[in-house]
Amino acid sequence: MSTNIMPFLLPKKVTQENALQLQKEGLLNSPNLRSIDCSELKDFDSTVLTVLLAWQKKLLASGQSISVEHAPEKLKVLAGVYGVNVLLGL
């Protein structure tokens, strides 16, 4: 039996102002966290990395991992600077 899981869509803006709330929302929808769609993400800072890492940690505990799709170049650069690009598959 195949399950079709919708990707978790990151909002346009992820900063210190909404990161904790977003992290909680994601954890409540953890089956959808296996695929994170960043196509709408435009305004963000490094806190988006903490959100993604928290989700990755949650899924790894159950033997799964996240897949970050449509990551903006700035997100890839930030992940590289912080040395977490491999952890997030960026």
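1. I begin with Phe-8 of this predicted model: at 10% relative accessibility, Phe-8 counts as buried, since the limit for that label is under 20% relative accessible area. Trp-55, at 0% relative accessibility, likewise counts as buried. These two residues are taken together in the next point.

2. The structure holds 1 aromatic pair. The ring centres of Phe-8 and Trp-55 are 5.0 Å apart and the ring planes stand at 70 degrees, so the pair is edge-to-face, given that planes over 60 degrees apart are counted in that way. Because Phe-8 belongs to strand β1 and Trp-55 to helix α2, this contact between rings ties together parts that are 47 residues apart in sequence.

3. The strand that carries Phe-8 also takes part in a sheet, and its pairing deserves a separate remark. An open sheet is formed by 3 strands in the order β1-β3-β5, and the pairing is parallel. The edge strands are β1 and β5 (67–69), each of which pairs on one side only. Between β1 and strand β3 (residues 35–37), which run parallel, there are 2 bridges, and the bridge partner of Phe-8 in β3 is Ile-36.

4. Helix α1 (residues 19–28) has Ala-19, Leu-22 and Gly-26 as buried residues. Viewed down the axis of α1, its buried residues fall within an arc of 60 degrees, and they therefore line one face of the helix. Leu-20 and Leu-28, on the other side of α1, are exposed. As for what covers the buried residues of α1, the elements involved include β1 (8–9), β2 (13–14) and α2 (47–60), so that strand β1, which holds Phe-8, and helix α2, which holds Trp-55, appear here again.

5. Which residues does Thr-15 touch, leaving aside those up to four places away in sequence? Thr-15, which is found in the loop between β2 and α1, touches Asp-43, Phe-44, Asp-45 and Thr-47. With a relative accessible area of 11%, Thr-15 is buried.

6. Leu-78, whose place is in helix α3 (residues 73–81), is buried with a relative accessible area of 18%. Not counting residues up to four places away in sequence, Leu-78 touches Phe-44, Asp-45, Ser-46 and Leu-49; Phe-44 and Asp-45 are also among the residues that Thr-15 touches. For Leu-78 and Asp-43, the separation is 35 residues in sequence and 13 Å in space, taken from C-alpha to C-alpha.

7. Phe-44 enters the account once more through a charged side chain, as Lys-74 lies over the face of Phe-44, at 4.7 Å from the ring centre. The position of Lys-74 in sequence places it within the residue range 73–81 of helix α3, the helix in which Leu-78 has its place.

8. Side chains of opposite charge can pair when their charged atoms come close. By the rule applied here, the count comes to 1 salt bridge, which Glu-17 forms with Lys-13, the closest N and O atoms being 3.6 Å apart. Are the two partners buried or exposed? Glu-17 is exposed, with a relative accessible area of 69%, whereas Lys-13, at 36% relative accessibility, counts as partly exposed.

Definitions and conventions: Residues numbered from 1 in each chain as written. Predicted model: local features only at pLDDT ≥ 70, side-chain atom pairs only at ≥ 80, totals over all residues. Heavy atoms only, no water. Buried < 20%, exposed > 50% of the residue type's maximum accessible area, 1.4 Å probe, protein only. Helix = DSSP H or I, 4+ residues; strand = E, 2+ residues; numbered from the N terminus. Arc of directions from axis to C-beta. Contact = heavy atoms within 4.5 Å. Salt bridge = Lys/Arg side-chain N within 4 Å of Asp/Glu carboxyl O. Pairing = 2+ DSSP bridges. Phe/Tyr/Trp six-rings, centres within 6.5 Å; stacked < 30°, edge-to-face > 60°. Lys NZ or Arg CZ within 6 Å of the ring centre and 35° of its normal.
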